[in-house]
Amino acid sequence: MGGDPGQLAEALRASESRFRSAFSDVGIGLLLVGTDNLLIEGNPAFAAMLGRESAELPGMHIRDIIDPEEPSGRRYRELVRGERERMSAEKRLKHRAGREVWGRVTASLVRDDRGAPSYTLVTVEDITEQRKLGDRLAYQALHDPLTRLPNRTAFYERLEAAFKPDGQDRPEAGEERRVGLCYVDLDGFAAINETLGHHVGDQLLVAVGARLERDFGHADGRLVARLGGDEFAVLVTASGGDRQLTELAAALMAALERPFEVAGHRLTVTASIGVVERPVHGSTPTDLIRDADSTLYWSKSDGRARWTLYDRDRGADQLTRHLLATALRPAVERGEFLVEYQPLVGLADGTVHGTEALVRWRHPRLGLLSPDRFIPIAEESGAIVPLGKWVLEESCRQARRWLDEFPAAEAFVSVNLAARQIWDSDVVADVAEVLERTGLPARLLQLEITESDLLGPGGRPLQALQALADTGVRIAIDDFGTGYSNLAYLSRLPVHTLKLDATFVEAFRETTPGADGRRAADEQIVGAVVQLAHALGLTVTAEGIENAAQVERLRQTGCDTAQGWYYARPGAPEAITAILRDRGRRGPGGLDGPGGLSR
């Protein structure tokens, strides 16, 4: 079948005219590229994207107008060779004036009658504004709106990347990759907000961030970020070791201590800094952050305005403390605690006047723990309240057994009382309930509270102790002489006994070269305290007795009772029972001697 050649030619001319019109007038960029990668033709819309005229385009190489970066460049070469028919990519266009232009490029292969690659038809859609919007959104997602520093999200992304095998900051061959972190917290920042206002505080944060970024944010492998509030971080993803990080921490402190001029105020700030540095291998981002947080806490607890390098042993101790803190309350419920007793001996006659109750923890994994391992943790966590109540009841119950078996001994039991038990519970009601439940007379219970707790701020401890004293319970000040008590205040305290700290009786041992002066001074101090206590109607107990010389010298000062390893170590209730039974058989008389009460 054939047609009129004239009509066919006219149809072809009309089709080409329509194509030319569409090619020139369409709003999207179009260009034809030969197999030699030279432009055959480009429409005005595409030329405008480049800041050029259409007439300039023919003959230009495609790499002169479109960024040839991989992997899209590889795919385009495959298309030109006929190995693929179509490809798409977002590409940076090379504008004449150098400004950034982005296009969504789609290239389609056009073949000749024989099926061989003839040329490529490329469409280009201007997506510059979309890219700018996306960049703005990405920036906002990764940057702090106040300081413009990278935010917590950006920090964690960079940190995670540093721990990946293909991390950007690679060491030289044979070296291990290391990472370091300085975790910075401004000291006393809340006071600035409270006194000068949050607007001043915000401006100070901006100034701090700008100084940190300017002074420390441009070295290789570093990232300065604001993690939130007044917390900043300097991440070093190509660390050179502990020395580099500690020098960086010292420089950070020095930089922050230079005054800031903010809203008409000249402000000087200090910072606490936690420093962690280690190999990437064998660690994780979570480990690094956890240890940095711990180290920052150490800096603050050690006095602030300092940096502290992570110490593995201290970290292990803190982990143990955390494990003990979480296990304390359940351990009370599971009955893992026991009470040991140490006798309180009268120095005048050598008889047992009472016992001090000392709690121990039978930890299922760590073994038998002494009070110094867990009592401070119990006080911090509040577990001291249920634990203290259990110790009180157990001790009173045991004291009642001794009273029933040895009524003539009238041995009291002395139980330590933490200040938090007074603040967090109704200790007066608790004591009354325990005494009623166990049947122990109030006069045979002594409660010990440390000097610092008794004379601390607020009147609640004094009120509670006065109420307890009014019921007949004995009150003792423990570790007397280690605080800053006003001796004249003793006459107004509901106290019956002073327990001298062991440091006061150390010099009462056998005379050693050079010790005469200290021994004489300590003897005078103890003698004066004993005289003052007796004048106020109080008794005095000395702790930490280790030898007969101390016993004799303390007896000469008029000290009333003593306790220590010289008499007996803390032990099970049966040891005290044996002492009281032996005392009953032998009648009145001294029982002095090394371990004499435990014979």
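In this predicted model, the lining of the largest cavity comprises six nonpolar, four polar and two charged residues. The volume of this cavity is about 100 Å³. The search covered the whole structure and returned three cavities of 30 Å³ or more. Rolling a probe the size of a water molecule over the atoms reveals where empty space remains.

The lining draws on several elements. Helix α12 (384–405) gives the largest share, four residues. At least two residues each come from α12, β16 (412–416) and α14 (427–438). Val-385, Gly-388, Lys-389 and Leu-392 are among the lining residues. Val-415, Asn-416 and Leu-417 also line the cavity. The list is completed by Gln-421, Ser-425, Val-427, Asp-430 and Leu-447.

A second region of interest is the hairpin of β3 and β4. Strand β3 spans residues 86–94, and β4 spans residues 100–111. The two strands pair in the antiparallel sense, over nine bridges. Lys-94 stands opposite Glu-100 in β4. Five residues lie between the strands of this hairpin. There, Gly-98 adopts a positive phi near 90 degrees.

In a regular strand, side chains alternate between the two faces of the sheet. The faces of β3 can be listed residue by residue. Its covered face holds Met-87, Ala-89, Lys-91 and Leu-93. Its uncovered face holds Arg-86, Ser-88, Glu-90, Arg-92 and Lys-94. Lys-94 thus belongs to the uncovered face and stands opposite Glu-100.

How values were computed. Residues are numbered from 1 along each chain as its sequence is written. This is a predicted model: local features need pLDDT of at least 70, side-chain atom pairs count only at pLDDT 80 or more; totals for chains, interfaces and linings use all residues. Side-chain values use heavy atoms; hydrogens and water are left out. On a 1 Å grid over the protein atoms alone, a cavity is a set of points where a 1.4 Å probe fits but cannot get out, and a pocket is an open set with protein on both sides within 12 Å along at least five of seven lines; lining residues have an atom within 4 Å of a point. Grid points are joined across faces, edges and corners, and a volume is the space filled by probe spheres set on the points. Ala, Val, Leu, Ile, Met, Phe, Trp, Tyr, Cys and Pro count as nonpolar, Asp, Glu, Lys and Arg as charged, and the others, Gly among them, as polar. Buried means under 20% relative accessible area, exposed over 50%, partly exposed in between (1.4 Å probe, protein chains only). Two strands pair if DSSP finds at least two bridges between them.
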